[in-house]
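Reader: I have a model open and would like to see how its descriptive labels are earned. Could you take me through them?

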Amino acid sequence: MLHNDTFLRALMRQSTDYTPLWIMRQAGRYLPEYNATRARAGSFLDLCKNPNLATEVTLQPLARYPLDAAILFSDILTIPDAMGLGLYFAEGEGPKLERPLRNEWEINNLSVPDPDTHLSYVMNAVSQIKRSLAGSVPLIGFSGSPFTLACYMVEGGGSEDFRHIKGMLYRRPELLHQILEVTTESVILYLNAQIAAGAQAVMVFDTWGGTLTTPAYQEFSLQYLRRIAAGLTQHAEGRKVPNIVFTKGGGLWLESIAEAGFDAVGLDWSIELSEAKRRVGEKVALQGNMDPSVLFGSPEAIEKEVERILTSFGPHPGHVFNLGHGISRFTSPEHVSVLVDAVHKVSRKLHQKG
């Protein structure tokens with residue numbers, strides 16, 4: 001039994017006493033306790049692959065702040081790693097893949113990993129985190145989107161211009177579609193395995209979808225997101241398992257994203273919540289969307305921005321407060337306390353008025 005299901009009810013657009021809150025990348029380098037655990041683990045990848053340590057860091061922000069959800073500590077590139085592309089982390093450079101997909105034969109040999117075999121460490125972490133939470137708040141599972149995974153799989157890491165994958169998109173689109181077919185099936189199986197292991201909501205991060213043109217987004221990202229939404233497990237443990245999609249930079253296509261079949265749409269800070277709500281109507285819940293840089297401001301500035309965002313949405317059901325992207329490693333933990341307290345305090349007043 002969940003003691004606090006406010007987050008799940010908000011995703012399903014049900015009435016809540018306040019606006020629930022969690023923070024993208026909430027278990028991260030801005031927390032000194034996380035840095036201590038990561039140092040003990042030896043490397044980021046070792047931390048991800050150790051269920052005990054993954055559980056420890058997942059719970060750390062909840063020990064500090066009264067957040068309304070936990071999110072599995074993992075990485076979006078676990079799927080490409082399970083496909084044999086060789087995930088590693090270069091100091092100061094972020095994630096890298098040893099064997100990026102550049103040749104047709106490599107793409108044709110790509111296969112869907114069995115999440116319970118090749119990604120069992122993730123499922124073990126989900127189960128262990130769920131037990132440790134003891135019903136306090138829901139646990140979110142997640143995956144990268146097919147297009148975002150494909151970006152890393154073709155580029156071999158992060159990119160400034162995405163020249164390899166965009167070159168493939170315009171030169172050999174059938175090869176990119178082959179990658180996306182395999183990654184879509186992989187994401188569906190992976191998220192459903194997380195749900196079976198105990199995740200009570202799941203989220204798809206389409207981090208690089210916003211780099212595409214409108215026609216390319218429709219063809220190479222959105223159509224595969226629709227298939228994921230249709231393939232996800234809808235109920236587990238006697239209740240709905242809501243799902244969220246987040247396309248960074250996707251405000252231009254908000255109506256199309258809202259019709260993809262997900263329960264909620266995540267927003268970055270480039271769109272006003274009131275405008276987003278007007279455009280999507282009653283179709284989906286909305287999650288977001290404070291600029292993470294606000295947390296570098298004064299406590300008064302943070303509180304003011306929180307109030308502005310909450311007022312913009314209004315005292316309506318269907319809003320989960322979050323940042324518009326992941327929290328910066330340079331953020332003060334004390335400023336996060338200000339954020340969390342302000343969201344709960346201001347939103348309670350708004351909901352009481354509504």
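Author: Below, some labels are set against their definitions. This is a predicted model, in which local features need pLDDT of at least 70, side-chain atom pairs count only at pLDDT 80 or more, and totals for chains, interfaces and linings use all residues. Residues are numbered from 1 along each chain as its sequence is written, and side-chain values use heavy atoms, with hydrogens and water left out.

Reader: Why is Gln26 called buried or exposed, whichever applies?

Author: Buried means under 20% relative accessible area, exposed over 50%, and partly exposed in between (1.4 Å probe, protein chains only). Gln26 has a relative accessible area of 1%, so Gln26 is buried. It lies in the loop between α1 (6–11) and α2; helices here are DSSP runs of H or I with at least four residues, strands are runs of E with at least two, and both are numbered from the N terminus. Contact means heavy atoms within 4.5 Å. Not counting residues up to four places away in sequence, Gln26 touches Leu31, Pro61, Leu67, Ala69, Ala70 and Ile71.

Reader: How do you know which label fits His335?

Author: Its relative accessible area is 17%, and His335 is therefore buried. His335 sits in helix α16 (residues 333–353). Beyond its neighbours within four places in sequence, it contacts Leu295, Gly297, Pro299 and Ile302.

Reader: And what about Tyr217: buried or exposed?

Author: Tyr217 has 0% relative accessibility, so it counts as buried. This residue belongs to helix α12. Among its contacts outside four places in sequence are Asp206, Leu212, Thr247 and Trp253.

Reader: What makes a group of residues a nonpolar core?

Author: The members must be buried Ala, Val, Leu, Ile, Met, Phe, Trp, Tyr and Cys residues joined through side-chain atoms within 4.5 Å. In the largest such core there are 129 residues, and Phe7, Trp22 and Leu339 have the most contacts inside it. Helix α11 (residues 173–197) supplies the largest share, twelve residues. Leu339 touches Ile23, Met290, Leu295, Ile302, Val306, Phe321 and Leu323, leaving out residues up to four places away in sequence.

Reader: Why is the pair α9 and α10 called roughly perpendicular?

Author: Axes are lines fitted to C-alpha atoms, for helices over the stretch in contact, and angles run from 0 to 180 degrees between N-to-C directions. Angles under 35 degrees count as roughly parallel, over 145 as roughly antiparallel, 65 to 115 as roughly perpendicular and the rest as oblique. Helix α9 (residues 146–155) and helix α10 (residues 163–171) pack at about 110°, with axes 8 Å apart. The two are therefore roughly perpendicular to each other.

Reader: What makes α2 and α4 earn their own label?

Author: The axes of helix α2 (residues 32–41) and helix α4 (residues 51–64) come within 9 Å and cross at roughly 170°. The helices are therefore roughly antiparallel. Residues including Tyr34 and Thr37 of α2, and Leu53 and Gln60 of α4, make the contact.

Reader: How do you know which strands are at the edge of the sheet?

Author: Two strands pair if DSSP finds at least two bridges between them. Seven strands form an open sheet in the order β1-β4-β5-β8-β9-β10-β11, with parallel pairing. Strands β1 (70–71) and β11 (319–320) each pair on one side only, and these are the edge strands. Strand β10 (residues 285–287) pairs with β11 in the parallel sense over two bridges, and Leu286 stands opposite His319 in β11.
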